[in-house]
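Colleague: Could you take a close look at one part for me? I would like to see where the protein meets the DNA.

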There are 2 protein chains.
Amino acid sequence: MVAKIEHKTRTGCPVACVLDIVGDHWTLLVIRNMMFLGLHEYKDMLETEEKISSSILSNRLKKLETDGLIASIDHPESKRRKLYYLTSMGKDLIHMMLEMVLWANRNIDHLLTIPEDKLLLLKNDPDKFKALVLVQIEEWEKEYLS
Amino acid sequence: MVAKIEHKTRTGCPVACVLDIVGDHWTLLVIRNMMFLGLHEYKDMLETEEKISSSILSNRLKKLETDGLIASIDHPESKRRKLYYLTSMGKDLIHMMLEMVLWANRNIDHLLTIPEDKLLLLKNDPDKFKALVLVQIEEWEKEYLS
DNA sequence: TATATATACTTCTATTATAGAAGTAATATG
DNA sequence: CATATTACTTCTATAATAGAAGTATATATA
């Protein structure tokens with residue numbers, strides 16, 4: 001039996017509910033770290049180019065865990081390290097994340113600096129891109145989650 | 001010739017860029033007002049159930065206009081009223097918005113209070129749902145934008 | 001014409017969130 | 001045993017937010 005997770009939401013509007021969970025400057029970047037950059041550790045997320053502050057990262061990881069989008073385990077090689085990973089709820093954000101990226105590609109192309117080939121695959125075959133991302137996640141899971 | 005709009009973004013990561021434009025508690029609710037609720041006036045947006053404050057609404061409408069996601073005209077019937085509407089860039093957010101709603105439907109269903117029939121259409125035929133939303137927007141445009 | 005009201009804001013203030021620096025406790029490495 | 005690494009927490013200055021109140025202009029009503 002799984003305890004029902006409590007979210008505080010402003011209203012029952014799905015847009016408002018989603019924003020109450022991931023609607024801030026940092027939460028979706030943490031998700032990006034795990035989903036697209038394959039990061040699983042605190043120290044690695046601290047070092048991403050957006051320079052998230054230690055307190056915010058800690059705070060967001062906790063909220064994401066409380067909200068059920070991520071989970072964590074001890075690193076098998078060290079007790080002082082933790083591994084964070086996406087739950088099915090977190091992984092399911094891939095569709096929304098991809099639409100964000102595609103919107104950016106269509107509308108603010110000039111601001112982006114991701115590699116051309118990645119962008120092309122994303123654009124021409126978003127489903128394949130999703131599948132590739134999910135395969136990478138699964139491979140990590142096979143290795144670290146028994 | 002159209003002036004290039006300047007956005008300040010943390011980095012060239014598409015996720016970070018999109019978050020710099022719409023990544024806060026209120027911006028996407030304003031978009032929702034215009035996209036799904038068919039609202040076009042300040043006063044109507046003030047009265048939505050999330051109870052946005054006047055200063056935040058004003059602030060977000062300005063930022064959205066600066067960022068090129070919405071535009072505004074005087075109300076044809078009254079000079080003291082303004083009509084806000086989505087630009088093509090704003091309308092193009094529909095794909096992302098829909099994925100947000102679908103994620104909510106799949107993962108936090110118990111928190112939502114939108115009508116069952118709307119949810120069913122959304123779920124079973126998201127493309128039709130999108131088309132309907134866009135048709136409504138186009139009808140408004142035909143009436144108010146020459 | 002004078003007065004009241006509507007609309008789209010702006011201003012003010014208290015509270016909350018954020019960023020950045022520094023500190024801490026537990027573990028691991030040399 | 002000394003030093004370093006990791007995952008935080010704590011502190012503080014700055015910025016953002018919410019809510020109440022005020023303002024300017026346009027329109028409606030007596």
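Modeller: Here is the protein surface along each DNA strand in turn. This is a predicted model, in which local features need pLDDT of at least 70, side-chain atom pairs count only at pLDDT 80 or more, and totals for chains, interfaces and linings use all residues. Residues are numbered from 1 along each chain as its sequence is written, chains are lettered from A in the order in which they are written, and side-chain values use heavy atoms, with hydrogens and water left out.

Start with DNA strand C. It is surrounded by 19 residues, each with a heavy atom within 4 Å of the strand. The closest include A:Trp26 and B:Lys62. A polar side-chain atom of A:Trp26 lies 2.7 Å from a phosphate oxygen of strand C. For B:Lys62, a polar side-chain atom lies 2.8 Å from a phosphate oxygen of that strand. B:Lys43 uses a backbone N or O atom instead, 3.0 Å from a phosphate oxygen of strand C. Of the strand C atoms within 4 Å of the protein, 76% belong to sugar or phosphate and the rest to bases.

Now DNA strand D. Around it are 19 residues, and A:Arg80 is not among the nearest five, which are A:Ser58, A:Tyr84, B:Trp26, B:Lys79 and B:Arg80. Still, an N or O atom in the A:Arg80 side chain is 2.8 Å from a base oxygen of strand D. B:Trp26 places a polar side-chain atom 2.7 Å from a phosphate oxygen of strand D. Sugar or phosphate accounts for 72% of the strand D atoms within 4 Å of the protein.

Notes. Polar contact = N/O pair within 3.5 Å; in protein donor to acceptor, adjacent residues only side chain to side chain.
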